[in-house]
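Student: I'd like a close look at one part of this fold, please. Could you pick a helix and walk me from there through whatever surrounds it?

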Amino acid sequence: MELKLDDLINKEKSKSCLILGPGETMTEFPFEKFNGKIIVIGDSAIRGEGMFVPDYWVISNNHFPVPYISIHRKVINKFKKTTFLFAESALHDNLWKKSIRKINKSLKVKWVFFDERHFGFKKCDPEKQCCKYIDDKNNYSTIQELVSQLYNYRSIASKAATVFEHALAVSLILGFKEIFIQGIDLPSTELKKRVKKSEI
């Protein structure tokens with residue numbers, strides 16, 4: 001069943017959430033003691049099977065999971081209690097043509113499309129296939145602009161480069177009071193490759 005981003009505004013107000021990535025520290029979280037909601041990115045929902053059931057799965061790519069591919073739909077439909085949020089601008093940028101009818105017919109879960117790149121309803125430069133699907137019916141064009149509006153932030157909250165930032169935006173839209181982060185593992189030190197003179 002298709003939902004809109006507006007349907008999620010303050011839906012989880014004053015609750016706690018965990019944003020969970022598939023990094024090495026993912027399994028170190030005390031899932032059994034946590035009674036908040038879980039937002040996953042990447043393939044952490046699959047890696048965590050048996051440990052938790054995600055409430056939300058945020059996706060921002062055109063390769064997995066793709067609702068137009070039957071084997072991917074089987075994966076998606078396994079998560080019956082999960083709401084899927086697809087960055088339609090990433091999903092439809094080059095490979096896939098948008099078909100709400102096909103998705104509604106084949107997905108048995110709640111799902112939402114959001115835009116993460118057409119700020120101010122502007123097309124990409126150079127123009128891509130996703131530009132055909134810009135939706136100007138709302139008073140915001142991107143998920144970042146919706147966050148800015150909800151929190152009275154005068155500029156765009158973030159021109160995000162990672163799906164984690166979209167998951168954070170989703171958590172803010174849902175109105176969570178506490179946001180925990182696990183499995184979003186970035187290197188803490190820069191590794192420099194040392195090359196011996198004899199190797200040059």
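Tutor: Happily, let's take α5: what covers its buried residues includes β6 and α6, where covering means contact, with heavy atoms within 4.5 Å. This is a predicted model, in which local features need pLDDT of at least 70 and side-chain atom pairs count only at pLDDT 80 or more, while totals for chains, interfaces and linings use all residues. Residues are numbered from 1 along each chain as its sequence is written, and side-chain values use heavy atoms, leaving out hydrogens and water.

Helix α5 covers residues 143-150; helices (H or I, at least four residues) and strands (E, at least two) are DSSP runs, numbered from the N terminus. Six of the eight residues in α5 are buried, that is, under 20% relative accessible area, whereas exposed means over 50% and partly exposed lies in between (1.4 Å probe, protein chains only). The buried six are Ile143, Gln144, Glu145, Leu146, Val147 and Ser148. After the helix comes Asn152, with a positive phi near 50°.

Now to its helix neighbour. The axes of α5 and α6 (residues 163-174) are 10 Å apart and make an angle of about 35°; axes are lines fitted to C-alpha atoms, for helices over the stretch in contact, and angles run from 0 to 180 degrees between N-to-C directions. The crossing is left-handed, meaning that the near helix is turned anticlockwise from the far one by less than a right angle. On the α5 side, Ile143, Gln144, Leu146, Val147 and Leu150 take part, and they meet His166, Ala169, Val170, Leu172 and Ile173 of α6. Sorted by class, this contact has eight nonpolar residues, two polar ones and no charged ones. Here Ala, Val, Leu, Ile, Met, Phe, Trp, Tyr, Cys and Pro count as nonpolar, Asp, Glu, Lys and Arg as charged, and the others, Gly among them, as polar.

Both helices also feed the largest nonpolar core, a set of 25 residues in which Leu5, Leu8, Ile39, Val58 and Leu85 touch the most other members. Such a core is a set of buried Ala, Val, Leu, Ile, Met, Phe, Trp, Tyr and Cys residues joined through side-chain atoms within 4.5 Å. Elements that each supply at least two of its residues include α5, α6 and β6, and α6 gives the most, with six. One α6 residue, Val170, is among those touched by Leu85, together with Val112 and Phe114.

That brings us to the sheet. Its seven strands pair in parallel, in the order β1-β6-β5-β4-β3-β2-β7, and the sheet is open; two strands pair if DSSP finds at least two bridges between them. β1 and β7 have a single partner strand each, so one side of each is left without a neighbour in the sheet. Helix α6 packs on this sheet, touching β2, β3, β4, β5, β6 and β7, and its direction makes about 155° with that of β3.

Take β2 (residues 16-20) as an example, where five of five residues are buried. Ser16, Leu18 and Leu20 point one way, and Cys17 and Ile19 the other. Parallel pairing joins β2 to β7 over five bridges and to β3 over four. Ile19 is bridged to Ile181 in β7 and to Ile39 in β3.

Key:
Lists of a residue's contacts leave out its neighbours within four places in sequence.
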